[in-house]
Amino acid sequence: MKQREWKSPRREWRIADAALTVGVLSAAAVLRLLLYRADPGDGYVGLLFVLAVACVARWTKGYFWGIFASIFGVACVNYVFTYPYWQLNFTMTGYPLTFLTMLAVSLMISAMTTQIKKQEQMRRETEKETMRANLLRAMSHDIRTPLTSIVGNTAAILENPDAFTPQQQRALLLDVNEDAQWLIRMVENLLSITRISDEPGGIEKEYEAAEEVVAEAVRKFSKRFAQPAVSVQVPDEVLMVPMDATLICQVLMNLLENAAIHADGATGIRVDVHRTGDMACFSVSDDGCGIPPEKLETLFDGTLPDAQRGASDTKKNMGIGLSVCRTIVAAHGGTMSAENLPQGGACLRFTLPMKEEEDVEAEG
Amino acid sequence: MKLKDKVLIVEDEQSIGNFMSTVLEANGFDTLRAATGAQARSLITSHCPDLIILDLGLPDMDGLEILREVRAWSSLPVIVVSARTHEHDKVRALDMGADDYVEKPFGTSELLARIRTAIRHTRTSVGNADLAQTGKYRIGALTIDYDKHHVLVDGEDTHLTLNEYKIVALLGKYAGKVLTYDYLIREIWGPMAKADNQILRVNMANIRRKIEKNPAAPQYIFTEIGVGYRMLGTE
């Protein structure tokens, strides 16, 4: 099903290009016929068709339609609109030059537009590459810390089997386990990003019941974190929201983990889903210490001031998790926000549109 | 002495195979190891294991190929181990007859629970599938009464509609096991039903509102995103 939906825009484009070509050429022909009444001479016919060919080359994709228009235009002008009428004749003085000019102009314009489009695409690719490289650098930096601890702790036990009491060994192994868990979460976030960029034209959305996704996220979260307790509130109405459920589950888990790790003193996390107009609104709030105001601005950017970055424990750096959240939500056409609650604690919200936007997908 | 169940571990990563066989042996299973599809084939026919843990990414062939061969002659339980790539792979494995799947990275308790569920299911329901549809299934405060076609919570009738009852009954019959959306739709609405998840989702939402205290924090029926539903097993 999906496959077929995918191919149709491309075919539509081809049909659109063909229609455009025919339209422009006929417009030129009609114009010529109208002008013929005012001026029966044919000096401007060639120029008129060059203009038509230039338009076709500019507005269609690739070389094909531009070349097609120029050849067709040359034949048409020669056969119909210039003396001798209704026959092909390339031998009269000046004619071959006119027609060669038309062909050359169309080829050049097609080549130029195609090249510009290609350059544009290349520029976009480079930008994506740069973004990916930056992300990779940040990730590798963050990944090194837990890896060092894992290698160090296990080597300590392996090399000195008798030097530690069972309690000490257990403590070391707990650290190893915690670091490995952190790595798993990091990799899951990375996979989410590749999942977005792998899908051509955005993500694969399906209508899902919001409560199912929330329940699943909370269940997975509670397996990893015993504290704080999570309470969930969903409306009586079943909210069916178009989404990639795996990705939205990832967003919710990141928000829950963010609350668990950063909200010092939190005793409970509250997940709430409700409907506001055409949007489904998800919020994750805690009763912890809140978010420092200077961080609120750049919370989802994935960047921290260098001074902070150096000083902060990398394990506590959820910058990447939250920026992944924003990337996923944005890919769904939703928005993300964060605020401190008046009664204390932080609240992170995101919205998702309840209706699929067909035309957005067609453009992509 | 209790006879030990024999588990064949088909996994090409040495370290993961080691970890699985250590854990399983510590928990009262006998284990066999195969690192390639060809090895797995010969071990399956020569040793007749009680359960197979099958990694899908094998060096010499697609793990699904082994699953297909096994399913051609036997219903011996197979648990598929998959790296998280896409839900489609899991659904495909389940639809091809895998009993369950675990996703890498997985914990030991999860793996053991899945193995026990899979072995128990082949012992109880295969061969006498009709028998499993009578009697009662109790888990927590929930009771599915297969004779009277009722689902009770705390002894109170939950007033499920016929289709809702069918869904719950089916999940209860395979409690602990994930049932794919397509499987449920085929079983409830017949093979001609459109492969549309919507109607199943809506029925499920209604069921949750009738049997769960909080539909967003279910105790009995869980969603496996992109795959299907699973009812809480007796462990």
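Here are some notes on this two-chain complex, which is a predicted model.

1. **Overall confidence.** A good place to start is the predictor's own view of the assembly: the complex receives an ipTM of 0.83 and a pTM of 0.72. For chain B the mean pLDDT is 86, and 92% of its residues score at least 70. For chain A the mean pLDDT is 79, with 82% of the residues at 70 or above.

2. **Stretches to treat with care.** In chain A, residues 1-8 keep a pLDDT under 50, and the model gives them 1 contact beyond four places in sequence. Residues 304-316 of chain A also fall below 50, although this stretch has 9 contacts beyond near neighbours in sequence. Chain B has such a stretch as well: over residues 126-131 the pLDDT is below 50, and 1 contact reaches beyond near neighbours in sequence. If you plan to read detail from the model, please keep these segments in mind.

3. **Chain A in outline.** Chain A is built from 11 helices and 7 strands. Of its 364 residues, 28% count as buried. Taking the contacts in chain A between residues at least 6 apart in sequence, 73% link residues at least 24 apart.

4. **The parallel sheet of chain B.** Which order do the strands of the 5-stranded open sheet in chain B follow? Reading across, the order is β2-β1-β3-β4-β5, and the pairing is parallel. The edges are formed by β2 (29-34) and β5 (100-104) of chain B, each of which pairs on one side only. Neighbouring strands in this sheet are turned against each other by 20° on average, direction ignored.

5. **From β1 to β2.** Strand β1 of chain B covers residues 5-10 and is joined to β2(B) by 6 bridges, the two running parallel. To find the register by eye, look for B:Val7, whose bridge partner in β2(B) is B:Thr31. Another handy pair is B:Leu8 with its bridge partner B:Leu32, again in β2(B). Between β1(B) and β2(B) the chain passes through helix α1 (residues 14-26) of chain B, making a right-handed β-α-β crossover.

6. **From β3 to β4.** Farther along the sheet, strand β3 (residues 51-55) of chain B pairs with β4(B) in the parallel sense over 4 bridges. Here B:Leu54 has B:Val80 of β4(B) as its bridge partner. The connection from β3(B) to β4(B) runs through helix α3 (residues 63-73) of chain B, and this β-α-β crossover is right-handed.

7. **Why is β4(B) largely enclosed by the rest of the structure?** Strand β4 of chain B spans residues 78-83, and 5 of its 6 residues are buried, so the rest of the structure largely encloses it. On the β5(B) side, β4(B) and β5(B) pair in the parallel sense over 5 bridges. B:Ser82 stands opposite B:Glu103 of β5(B).

8. **The antiparallel sheet of chain B.** Chain B also has an open sheet of 3 strands, ordered β10-β12-β11, with antiparallel pairing. Its edges are β10 (178-180) and β11 of chain B; each has a single partner strand, so one side of each is left without a neighbour in the sheet. From one strand to the next, the twist averages 30°. Strand β12 (residues 228-231) of chain B pairs with β11(B) over 4 bridges in the antiparallel sense. Within that pairing, B:Phe222 stands opposite B:Arg230 of β12(B).

9. **A helix across that sheet.** Helix α7 of chain B, residues 181-189, lies across β10 and β12 of chain B. Its direction makes an angle of about 70° with β10(B).

10. **Where the chains meet.** How many residues of chain B are in contact with chain A? There are 16, and they touch 19 residues of chain A. On the chain B side, α8 (197-211) and β11 (221-224) each supply at least two residues. The largest share of that side comes from α8(B), with 4 residues. By residue class, the side of chain B that touches chain A divides into 9 nonpolar, 4 polar and 3 charged residues. Note that β11(B) thus appears twice in these notes, as an edge strand of the antiparallel sheet and as a contributor to the side that touches chain A.

Conventions
Residues are numbered from 1 along each chain as its sequence is written. Chains are lettered from A and ligands numbered from 1 in the order in which they are written. This is a predicted model: local features need pLDDT of at least 70, side-chain atom pairs count only at pLDDT 80 or more; totals for chains, interfaces and linings use all residues. Two strands pair if DSSP finds at least two bridges between them. Axes are lines fitted to C-alpha atoms, for helices over the stretch in contact, and angles run from 0 to 180 degrees between N-to-C directions. pLDDT is the predictor's confidence in each residue, from 0 to 100. Two residues are in contact if their C-beta atoms, placed from the backbone, lie within 7 Å. Ala, Val, Leu, Ile, Met, Phe, Trp, Tyr, Cys and Pro count as nonpolar, Asp, Glu, Lys and Arg as charged, and the others, Gly among them, as polar. A residue is buried if 20 or more other C-beta atoms lie within 10 Å of its own, exposed if 12 or fewer, and partly exposed in between; C-beta atoms are placed from the backbone. A crossover is right-handed if, with the strands pointing away from the viewer, the path from the first strand over the helix to the second runs clockwise.
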